[in-house]
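Here are a couple of short exercises on contacts between parts of a model. Grab your viewer and try each one before reading the solution.

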Amino acid sequence: MPQVTLTVNGKNSTVEVEGRTLLVELLREKLRLTGTHVGCDTSQCGACVVHVDGESVKACTILAVQVDGGQVTTIEGLAAADGTLHPMQEAFREYHALQCGFCTPGMVMSAIDLVQKHPEGMSEREIREGLEGNLCRCTGYHNIVKAIAAAQDVMHGKRSELARAAE
Amino acid sequence: MYDFDYHKPSSVADAVKLLSADPDARAISGGQTLLPALKHRLNRPTYLVDLSGIAELRGVKREGDKITVGAMTRHIEVQNSPEVKSAIPALAYMATVIGDIQVRNRGTMGGSVANNDPAADYPSAVLGLGATVVTDKRRIAADDYFQGMFTTALEPGELLVAIEFPIPEKAGYAKMRNPASRYVMAGVFVAKTKDGVRVVVNGAGPGVFRQTDMEQALSANWSPDAVAGIKQASEGLNSDIHGSAEYRAHLVSVMAKRAVTDAG
């Protein structure tokens, strides 16, 4: 069986996998990092989004062997060691950008890549278009968009902390 | 998914050797189409040959009046390439409307053009710009390359290594997406090149094709109004739950008009 060596949330792991093992299976079943969800398993819903070498990918549509030697960040790897949330996580909490929470890990990971890819800042419309690969069946996206708009200001250093959520 | 072995060569020569050694071996580039197909057990490869370790297949370069895109160049790289944005903005724009960010972070131009899915975007730019498909063995003109649904001139074991796009005077692309699946219902790529006007339709039929009535009209008068009144015949176009052949034929005229407007 092929061996895969990768860094997940800063920690090195060497894992035996099959050729067909998906990255999301490695994360959930071998490393027990179950924050990454499997929604559709057909690369449409985005619940499984993680970062590979800094960019968002659907972990259900990439093989574990393809990530050999790579750096992976999952939702578990965002908060600081002392528990301080990443600005995007904090914004999702502050703006109540979730209901059932199933899509949330993928939403947060996609949103961070989206903000990093747009240092110039995004309009509401650009945020909505940028979320094309993530489905949420509860919220109607409204508060998710507000949270990302607020988090981008913090991530780009335009604000030191989140503006209070609109009532 | 059935299990398979996995190889990751670091040169085109080694990849071709592996792909030629076994007719059931498959190349994997970004995997955004192949992996879903494998999950459905539509394919049972003995082993996958991962092309991502081959440096010579990556990147965009401008040489004289052409832009060469390496087969393993990802959509996100085409979208952000300064060379593509300045020389063929319609091609950079096309990359921005493929799939979603996660697909664009993985999917490659070579994978799309080698697969020739009727719902793919790049084939219309390749044919519309009169590009040349470069393989490990030969150079294939776009007019000879696309041969219908999921079919190309590539032979078993032959590897697509790059695509050379002549820089056009102007070009534009417009597509109508299915509101749910987001796949193209009908798209049109228009280009004014030094060898004449080319108009290519994608998504509406089983493969990309040139719309010669529109090419003639635009040659005489490059304006959106010149194509707005030209009707695409519906015979042979796709008809499914998402739209009838007649609807797609109608969309071709609308998309052609938008593509010419965008080209300026």
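Two exercises follow, both on a predicted model.

**Exercise 1.** Work out how chain A is divided into domains, and which elements of domain 1 of chain A touch domain 2 of chain A.

*Solution.*
1. Start with the split: domain 1 of chain A covers 3-77, and domain 2 covers 87-155.
2. Next, check the spacing. The C-alpha centres of these two domains of chain A lie 21 Å apart.
3. Now count contacts, taking C-beta atoms within 7 Å as the cut-off. You get 15 residues of domain 1 of chain A against 11 residues of domain 2 of chain A.
4. Look at who contributes on the domain 1 side. Strand S3 (49-52) and strand S4 (55-58) of chain A are the elements giving two or more residues, and S3(A) has the largest share, with three residues.
5. Finish by sorting that side by class: six nonpolar, eight polar and one charged residues.

**Exercise 2.** Find which elements of chain A touch chain B, and sort the residues on that side by class.

*Solution.*
1. Count again: 22 residues of chain A are in contact with 18 residues of chain B.
2. Pick out the elements of chain A that give two or more residues here, and you land on S4 and helix H3 (104-117).
3. Rank them: S4(A) supplies the largest share, four residues.
4. Sort by class, and the chain A side comes out as six nonpolar, 10 polar and six charged residues.
5. Put both exercises together: S4 of chain A turns up on the side of domain 1 that touches domain 2 and also on the side of chain A that touches chain B.

Note on methods. Residues numbered from 1 in each chain as written. Chains lettered and ligands numbered in written order. Predicted model: local features only at pLDDT ≥ 70, side-chain atom pairs only at ≥ 80, totals over all residues. Domains from an automatic or database assignment. Contact = placed C-beta atoms within 7 Å. Nonpolar A, V, L, I, M, F, W, Y, C, P; charged D, E, K, R; others polar.
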